[in-house]
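Below are some numbered remarks for a colleague who will be working from these coordinates. They start with a single loop residue and then move outward to the chains, their contacts and their charged pairs.

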Amino acid sequence: MSYKRFTLRMKLSDILHTNYFLLPIVHRFDIRYGIGDLSVAEICRERSIDQDFFIEILNIYHDEHYFPEAELLKADVRLIVGYLRKTHAYYVDYLLPSIDSLIHALVESGHAHNSTLGPVASLFDEFSREFRKHIDGEEQQVFPYALSVADAYRGQADGTRPPTGWDGGIRCFEDEHLLMDEKLFDLKNLLIKYIGEPFDVHVCNSIIFEVDRLERDARDHARIEDRILFTAVEQMEKALRGAARA
Amino acid sequence: MNGPRVAIVAADMLAGLGLRTLLFELFGLAASFFSAGSGDTWRELAASDHLLLFCDSATLPELLRRCAESRRKRIVAFGHGEPSDDDVVSLRTDVPPETLLEALDHLLSARLQETLDEPAALTPREIDVLKLLATGRIIKEIADLLHISAHTAISHRKNISEKLGIKTVSGLTVYATIHGYVSSEGIL
């Protein structure tokens, strides 16, 4: 339980040693290993990363009770969408396949003598299918719409027309983040409380760790989406509607 | 739902965070803090399953309005004087520090033990409801089939979830399959 916030002057390596779960977050900004002793500000300058956005993303991920809504709302929508797309790629390309292969390994470790593992595997399959569909919907509909609203907003002075799909607004796309969360919790709980022998306990531990990581990451992702992206777009929608009426 | 199962919801940030520090420093309990002024608080609280929920007296009326009756006994109201609701345990803060700590200690040991010991066994009726849920029936169908009201069916559904710690229908279906209440062909 720490209330200490990361700052731009801190060495990024020190920050990462505080919390190794920040590594995938940092990678989403195309910062990889071999960062030496550079401070956050220096790395951001070197790589043209928006330093204020970057440091807030690290802080909110590190402390789930911290959420500087007003600060984050200052960020460019293109920046937010870019970050959210990278997190989607992390889930789809790495985390979901990784959990999937662990679950297969778990089922195999039961040597067909454990009928309790199959149902758990199908729960994850179901979750994975729904989650991918949800991500796909955001990539295909929500993000392009958000970007087009931002474009219209910036071009307002030139009289750019509002984008199509205008009537409902961004909140039309608000969805089932909460249910996703619950399924992941159920999965962990079913493993901990209800599965029977035999199975490989180390594989099972890894599944819990990875599912927990996904749950935490996805919760953070949903916070940024619901409270920052959607709010920012909603404010622009209102301003555009006001301008259209005037 | 994840991590600490003790939560604090308060309009007074200082009191809420102070209580959180106290619980952590003196009792080793990592409680989640929810600000009563934040829009997400009620949504997040509804989705979580806490053994104990501390709440300041200013927030109590709203919490009681939004809280399921079965969960009321988990609420501890803190502040000056006694709370108006009988279901709710009170923690008076207008007392000397040692009295407050003693009361807190007493309350935590009694309450946490009691809630941890809650029996998890499902009643035969709950098992009937679980089997039907696991085969894809919706609440109205379950109510019709078991000749009970929809309200009663919903209340069974809530109790099953609370006892098992499983919230989604998909999760309950897995539980029912693991325990042999249903097979892939349907109800056994």
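1. Ala112(A) is placed in the loop that runs between helix 6 (77-109) and helix 7 of chain A, in what should be read throughout as a predicted model. Its phi is near 60°, a positive value in a residue other than glycine, and Ala112(A) is exposed, with a relative accessible area of 80%. As background, most residues other than glycine have a negative phi, and most peptide bonds are trans.

2. Two further backbone features of chain A deserve a look. Ser48(A), in the loop between helix 3 (40-46) and helix 4 (51-62) of chain A, has a positive phi near 50° although the residue is not glycine, and Ser48(A) is exposed as well, at a relative accessible area of 69%. A cis peptide bond with omega of about -5° joins Glu197(A) and Pro198(A), and Pro198(A) belongs to the loop between helix 8 and helix 9 of chain A.

3. As to the overall make-up of chain A, the model has 9 helices and 0 strands. Of its 246 residues, 50% are buried, while the chain exposes about 12200 Å², with carbon and sulfur atoms supplying 53% of that area. Among contacts in chain A with a separation of 6 or more, 79% are between residues 24 or more positions apart.

4. Chain B, by contrast in its elements, has 8 helices and 7 strands. Buried residues account for 44% of its 188 residues, and its accessible surface comes to about 9500 Å², of which 56% belongs to carbon and sulfur atoms. For contacts in chain B between residues at least 6 apart in sequence, 52% join residues at least 24 apart.

5. Within chain B, Ala7(B) is a convenient residue to inspect: it lies in strand 1 (residues 6-10) and counts as buried, at 0% relative accessibility. Its C-alpha is 5.8 Å from that of Phe33(B), a residue 26 positions away in sequence. Leaving aside neighbours within four places in sequence, the residues in contact with Ala7(B) include Ser32(B), Phe34(B), His50(B) and Leu52(B).

6. Helix 5 (residues 124-134) of chain B has several buried residues, among them Glu126(B), Ile127(B), Val129(B) and Leu130(B). Just after helix 5 of chain B, Gly136(B) takes a positive phi of about 90°.

7. How many residues of each chain take part in the contact between chain A and chain B? In the model, 25 residues of chain A are in contact with 22 residues of chain B, and the area buried between the two chains is about 2200 Å², of which carbon and sulfur atoms give 61%. The rule finds 0 salt bridges across this interface, whereas 8 residue pairs are in polar contact, both members being at pLDDT 80 or more. Helix 7 (117-154), helix 8 (177-194) and helix 9 (201-245) of chain A each supply at least two residues of the side that touches chain B, and the largest share, 12 residues, comes from helix 8 of chain A. By class, that side of chain A has 11 nonpolar, 3 polar and 11 charged residues.

8. Over all chains, the salt-bridge count comes to 24. One of these pairs is Arg5(A) with Asp63(A), at 3.3 Å from N to O; it links the segment before helix 1 (12-18) of chain A to the loop between helix 4 and helix 5 (69-72) of chain A, across 58 residues. Arg5(A) is partly exposed at a relative accessible area of 28%, while Asp63(A) counts as buried at 9%.

9. In chain B, the side chains of Arg74(B) and Glu162(B) meet in a salt bridge of 3.9 Å, N to O. This pair also links distant parts of the chain, with Arg74(B) in the loop between helix 3 (60-66) and strand 4 (75-79) and Glu162(B) in helix 7 (residues 150-164) of chain B, 88 residues apart. Arg74(B) is buried, with a relative accessible area of 7%, and Glu162(B) counts as partly exposed at 27%. In chain A, salt bridges that share partners join Asp181(A), Lys188(A), Asp212(A), Glu215(A) and Arg219(A) into one network.

10. Within that network, Arg219(A) and Glu215(A) form a salt bridge at 4.0 Å, N to O. The two residues are separated by about one helical turn, because they are 4 residues apart in helix 9 of chain A. Arg219(A) is partly exposed, with a relative accessible area of 26%, whereas Glu215(A) is buried at 0%.

How values were computed. Residues are numbered from 1 along each chain as its sequence is written. Chains are lettered from A and ligands numbered from 1 in the order in which they are written. This is a predicted model: local features need pLDDT of at least 70, side-chain atom pairs count only at pLDDT 80 or more; totals for chains, interfaces and linings use all residues. Side-chain values use heavy atoms; hydrogens and water are left out. Contact means heavy atoms within 4.5 Å. Buried area is the accessible area (1.4 Å probe) that two parts lose on being put together, summed over both. A polar contact is a pair of N or O atoms within 3.5 Å; within protein, one must be able to donate a hydrogen and the other to accept it, and residues adjacent in sequence count only if both atoms are side-chain atoms. Ala, Val, Leu, Ile, Met, Phe, Trp, Tyr, Cys and Pro count as nonpolar, Asp, Glu, Lys and Arg as charged, and the others, Gly among them, as polar. Buried means under 20% relative accessible area, exposed over 50%, partly exposed in between (1.4 Å probe, protein chains only). Accessible areas come from the Shrake-Rupley method with a 1.4 Å probe; for residues, only the protein chains shown count as cover.
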